[in-house]
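Me: I've got a structure open and I'm new to it. Can you walk me through how the labels on it are earned?

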Amino acid sequence: MLRGAAHAKVLLHLRRGEELDLDTEGLEFASAAETYDQAVEAAREMLAEGILAKRPIDADCFEIALEDGATVALVPFASFIPDG
């Protein structure tokens with residue numbers, strides 16, 4: 001899933017539609033699973049904030065990238081909205 005993300009600095013870029021807010025600091029995680037879990041937790045928090053603010057969130061996502069710029073995963077916020 002996130003090959004190359006363990007023990008490497010990863011960047012959590014925030015995409016909102018056509019806009020991309022680049023993470024210039026990055027974070028280090030012990031494993032690819034921890035990287036993904038942290039991105040999911042942050043996405044859920046931002047999703048809740050967006051819903052409360054009545055802001056469209058259907059195009060929001062985190063783009064998880066390595067320091068070299070390679071995108072290794074996407075975490076779409078809308079995927080955490082329950083069906084039904």
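Reply: Sure. This is a predicted model, with a mean pLDDT of 85 for the chain and 90% of its residues at 70 or more.

Me: Where in the chain is confidence lowest, and where is it highest?

Reply: Confidence is lowest in α1, at a mean of 88, and highest in strand β2 (residues 19-21), at 94.

Me: Let's do salt bridges. How many does the structure hold?

Reply: There are 3 salt bridges.

Me: What makes Glu63 and Arg15 a salt bridge?

Reply: The test is a side-chain nitrogen of Lys or Arg within 4 Å of a carboxyl oxygen of Asp or Glu. Here the N to O distance between the side chains of Glu63 and Arg15 is 2.5 Å, so the pair passes. Glu63 lies in strand β4 and Arg15 in strand β1 (residues 9-16), so this bridge ties together parts that are 48 residues apart in sequence.

Me: Why is Glu63 called buried, and Arg15 partly exposed?

Reply: Buried means under 20% relative accessible area, exposed means over 50%, and partly exposed is in between. Glu63 has 11% relative accessibility, so Glu63 counts as buried. Arg15 has 22%, so Arg15 falls in the partly exposed range.

Me: How do you know that Arg16 and Asp60 pair up too?

Reply: By that 4 Å limit again. Their side chains meet at 3.4 Å, N to O, so they qualify as a salt bridge. Arg16 lies in strand β1 and Asp60 in strand β4, so the pair ties together parts that are 44 residues apart in sequence.

Me: Which other residue does Asp60 bridge to, and what does that lead to?

Reply: Asp60 also forms a salt bridge with Arg55, the closest N and O atoms being 2.9 Å apart. Because that value is within 4 Å, the pair passes the test. Salt bridges that share partners then join Arg16, Arg55 and Asp60 into one network.

Me: Are those three buried or exposed, or something in between?

Reply: Asp60 is at 4% relative accessibility, under the 20% mark, so Asp60 counts as buried. Arg16 at 33% counts as partly exposed, and so does Arg55 at 30%.

Me: Now the surface. Which residues gather in a patch of negative charge?

Reply: Glu34, Asp37, Glu41, Glu45 and Glu49 do.

Me: What makes Glu49 an exposed residue?

Reply: Glu49 has a relative accessible area of 52%, and exposed means over 50%, so the label fits. You'll find Glu49 in helix α1 (residues 32-52).

Me: And Lys54, why is that called exposed?

Reply: Lys54 has 76% relative accessibility, over the 50% cut-off, so Lys54 counts as exposed. Look for Lys54 in the loop between α1 and β4 (60-66). Its phi is near 55 degrees, a positive value in a residue other than glycine.

Me: Where does Leu11 lie, and why is it called buried?

Reply: Leu11 lies in strand β1. Its relative accessible area is 11%, under 20%, so Leu11 is buried. Leu11 and Ala65 are 54 residues apart in sequence, but their C-alpha atoms are 5.1 Å apart in space.

Me: Last one: what makes Pro76 partly exposed?

Reply: Pro76 sits at 37% relative accessibility, between the 20% and 50% limits, so partly exposed is the right label. Pro76 is found in strand β5 (residues 71-76). Between the C-alpha atoms of Pro76 and Phe29 there are 20 Å, and the two residues are 47 residues apart along the chain.

Notes:
Residues are numbered from 1 along each chain as its sequence is written. This is a predicted model: local features need pLDDT of at least 70, side-chain atom pairs count only at pLDDT 80 or more; totals for chains, interfaces and linings use all residues. Side-chain values use heavy atoms; hydrogens and water are left out. Patches are made of residues with over 30% relative accessible area and no salt bridge: like charges are joined within 9 Å, nonpolar side chains (Val, Leu, Ile, Met, Phe, Trp, Tyr) within 5 Å. Accessible areas come from the Shrake-Rupley method with a 1.4 Å probe; for residues, only the protein chains shown count as cover. Lys and Arg count as positive and Asp and Glu as negative; His and the chain ends are not counted. The place of a charge is taken as NZ of Lys, CZ of Arg, CG of Asp or CD of Glu. Helices (H or I, at least four residues) and strands (E, at least two) are DSSP runs, numbered from the N terminus. Buried means under 20% relative accessible area, exposed over 50%, partly exposed in between (1.4 Å probe, protein chains only). pLDDT is the predictor's confidence in each residue, from 0 to 100.
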